[in-house]
Amino acid sequence: MKNTVSTLRQQKLDGDKITMLTAYDYSTAKLMDESGVNALLIGDSLGMVMLGYEDTLSVTMEDMIHHTAAVARGAKDALVVADMPFMSYQASVVDGMYNAARFLKETGCAAVKLEGGAEVCELVQKLTQAGIPVVGHIGLTPQSVNQLGGFKVQGKSAEAAQKLLDDARALEQAGAFAIVLECVPEALAAKVTESLKTAATIGIGAGKYCDGQVLVCNDLLGYTDGFCPKFVKRYADLHSEMTAAFKAYAADVK
């Protein structure tokens, strides 16, 4: 079945959990699509996991368009969502409109994701009015990591929790069809999910009460033996398996 903005909204209403994974290339996207994953997110995390950057701030529009187009070619049924990189929309609504349009026109993706709450709602509203579906992203927003003081749980104080709840409602009102909640206390994520009528919540480190979940595929697959967020469940240990395979090949050649 083809996944669309409408089918994901219906999943929220039906209590049918939404599955989302990050994807960065054609082959992986094709496998995920065949596995029935509802949505594929080309996250700006590709900067670190695919391109070796120190953070997501270095990712360019060209990086994102290149990888998004590859994923879109591999996804037949999954909804493809492209992450708008740092400073592709923060400077002005005009910039945001132009760059979001580039994604849809040049890659074949179906929606864009951008970070922020009330401050980006004008852009969200204009994008949705122009026919560009939007996924919001609040809580821990990696593009603002320097301002947030590092990668840590958000919404812990009463004031911060209320702001997150207000931001979620504002994003829904502006037209976002889904909102990523990253590193948010489970009880707060549950309250946000319950308060939204149409926008589906997609959790990452936000507990089990969200309408869906998203993970970085490289974390899920155990690609590295380095740092891995504590909320990640590893479903494979590809680091060990791939390293062993490469060593076995090298030994055979020798």
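Guide: In this predicted model, the term salt bridge is used where a side-chain nitrogen of Lys or Arg lies within 4 Å of a carboxyl oxygen of Asp or Glu, and a search of the whole structure finds six of them.

Visitor: What makes the pair of lysine 113 and aspartate 83 a salt bridge?

Guide: The closest N and O atoms of lysine 113 and aspartate 83 are 2.9 Å apart, and the limit is 4 Å, so the pair qualifies. The two partners belong to distant parts of the chain, with lysine 113 in strand 4 (residues 111–113) and aspartate 83 in strand 3 (residues 79–83), 30 residues apart. Both lysine 113 and aspartate 83 are buried.

Visitor: How do you know that arginine 102 and glutamate 106 meet in a salt bridge, and where do they lie?

Guide: Their side chains meet with an N to O distance of 2.8 Å, which is to be set against the same 4 Å limit. Both residues lie in helix 5 (residues 93–107), where four residues, about one turn of the helix, separate arginine 102 from glutamate 106.

Visitor: Is arginine 102 called buried or exposed, and why?

Guide: Arginine 102 has a relative accessible area of 17%, and buried means under 20%, so the word buried applies.

Visitor: Why is glutamate 106 called partly exposed?

Guide: Glutamate 106 stands at 42% relative accessibility, and this class covers the values between the buried limit of 20% and the exposed limit of 50%, so glutamate 106 is placed there.

Visitor: What would a residue classed as exposed look like, and why is tyrosine 98 called that?

Guide: Tyrosine 98, which lies in helix 5, has a relative accessible area of 56%, and exposed means over 50%, so the label follows.

Visitor: What makes lysine 163 and aspartate 167 a salt bridge, and how accessible are the two residues?

Guide: The closest N and O atoms of lysine 163 and aspartate 167 are 2.6 Å apart, and the limit is 4 Å, so this pair also qualifies. Lysine 163 and aspartate 167 lie four residues apart in helix 8 (residues 158–174), about one turn of the helix. Lysine 163, at 46% relative accessibility, counts as partly exposed, whereas aspartate 167, at 9%, counts as buried. Elsewhere, salt bridges that share partners join Glu62, Arg102 and Glu106 into one network.

Visitor: How do you know that strand 6 and strand 7 are paired?

Guide: Five bridges join strand 6 (residues 178–182) to strand 7 (residues 200–204), and the two run parallel; pairing asks for at least two bridges, so the condition is met. Glutamate 182, for example, has isoleucine 204 in strand 7 as its bridge partner. Helix 8 packs on the sheet, touching strand 5 (134–139) and strand 6, and its direction makes about 175° with that of strand 5.

Visitor: What do the eight strands form together?

Guide: The eight strands close into a barrel in the order 1-2-3-4-5-6-7-8, with parallel pairing, and the twist averages 25° from one strand to the next.

Visitor: How do helix 2 and helix 4 cross, and which residues meet there?

Guide: The axes of helix 2 (residues 26–34) and helix 4 (residues 61–74) come within 7 Å and cross at roughly 40°, and the crossing is right-handed. Tyr26, Ala29, Lys30 and Asp33 in helix 2 meet Ala70, Val71, Arg73 and Gly74 in helix 4. By class, this contact has four nonpolar, one polar and three charged residues, and Gly counts as polar.

Key. Residues numbered from 1 in each chain as written. Predicted model: local features only at pLDDT ≥ 70, side-chain atom pairs only at ≥ 80, totals over all residues. Heavy atoms only, no water. Axes fitted to C-alpha atoms, helices over the stretch in contact; angles between N-to-C directions. Left-handed = near helix turned anticlockwise from the far one by under 90°. Contact = heavy atoms within 4.5 Å. Buried < 20%, exposed > 50% of the residue type's maximum accessible area, 1.4 Å probe, protein only.
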